[in-house]
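Student: Could we take a close look at one residue together, and then follow the chain outward from there?

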Amino acid sequence: MINLSELAKKLKNEKSVALFCHVRPDGDCLGSALALKNALKTLGVKAEVFCDDAVPSRFFFLNDTKSVKSELDANYDAFLAIDCADISRLGSFSEKFLSHSNTYVIDHHISNTRYAKINYVVELASNAENVLELIKELGAEITVDTANLLLMGIMTDTGNFRHKNVTPSTFYSAGKLLELGANVNEIYFQMFSAQSEQRAKLFGQTMSKIRYFLDGRFAVATVRLSDFEVTGAEQNETEGFIDFIMGIHGVEVGACVMETQKDKYKISFRSKTANVNAVAGTFGGGGHVLASGCQIQGDYEEVVDKIYLAVKRELPL
């Protein structure tokens, strides 16, 4: 794998870079990509960020989040995937990425498949930490806007510093960004407190129907298409549901099962003990040991049975 100084040197020599977020972009992906875009631009490198899905409006409180594009607008000397463990996470951009002769990956997932020509994968609590170190190595200015983007990435991917992957270096990085002017209070409010009335209704409805398995050690919250219709909430408003489940006494593994299309489910896993990267990997997904995800098609009860059996295999007695 390429080291940080070599990566910085190569990116400095690129004339133009297209940066790609994964589908259903989250705070870490968006913050990392937009921050690196800003840094490259200060060095004279043409850079833009692309995503196959629209950016959720809850991220619009930060500058630049509305600048993400859905279609390639030009030819770029290099393609760079941010926070994407495998090529499928790029959605409709997957084939174009694989066919490009000059590709990079910057990621922090243990399940990363190293699908680019140049791969920089370091398993930190957030990918924003990798990007912060890269920007420092590039010698690029970190503006207040860039600091806010990176802190949003760190805070969202660590559950506001609650997850077990948080290390002293995570806090060091966050502290550095605060020194540079990042607004931790606004980021916390927008990412963890602010919500629509529709989202509040969906949350209450979902949590009232949590299902428990394995003597309460495994809990499943489900959001069906009909739930979105009844409450008026959007699919991108389920962020944080899984964290609530993990706060329930006795729960060691939690799953949030969201129906995205008829008989198609996006599943997010969190764990205190079991390797849910292995659980998600059973179904072609992945992520981290204690936080992963996948997609499964089929009848709802069959989907629940499948994840139950996969979790049971990984959950220590």
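Student: What does Leu 178 count as, going by its relative accessibility?

Tutor: Happy to help! This is a predicted model, where local features need pLDDT of at least 70 and side-chain atom pairs count only at pLDDT 80 or more, while totals for chains, interfaces and linings use all residues. Residues are numbered from 1 along each chain as its sequence is written, and side-chain values use heavy atoms, with hydrogens and water left out.

Leu 178 counts as partly exposed, because its relative accessibility is 39% (buried means under 20% relative accessible area, exposed over 50%, and partly exposed in between, with a 1.4 Å probe and protein chains only). You will find Leu 178 in helix H6, residues 168–179 (helices are DSSP runs of H or I with at least four residues, strands are runs of E with at least two, and both are numbered from the N terminus). Leaving aside residues up to four places away in sequence, Leu 178 touches Leu 151 and Val 184 (a contact means heavy atoms within 4.5 Å). Leu 151 is 27 residues from Leu 178 in sequence, yet their C-alpha atoms are 8.2 Å apart in space.

For a contrast, look at His 109, which is buried, since its relative accessible area is 14%. His 109 sits in the loop between strand S4 (103–107) and strand S5 (118–121). Its side chain makes a polar contact of 2.7 Å with the side chain of Asp 107 (here, N or O atoms within 3.5 Å, one able to donate a hydrogen and the other to accept it; residues adjacent in sequence count only if both atoms are side-chain atoms). Beyond four places in sequence, His 109 touches Asp 83, Ala 85, Val 121, Gly 287 and His 288.

Gly 287 leads us onward, as it stands opposite Ser 292 in strand S11. Strand S10 (residues 286–287) and S11 pair in the antiparallel sense over 2 bridges (pairing requires at least two DSSP bridges between the strands), and a hairpin of 3 residues joins S10 to S11. Strand S9 (residues 264–271) also runs antiparallel to S11, joined to it by 7 bridges; there, Arg 270 has Ala 291 as its bridge partner. S11 itself, residues 291–297, has a covered face made of Ser 292, Cys 294 and Ile 296. The uncovered face of S11 holds Ala 291, Gly 293, Gln 295 and Gln 297.
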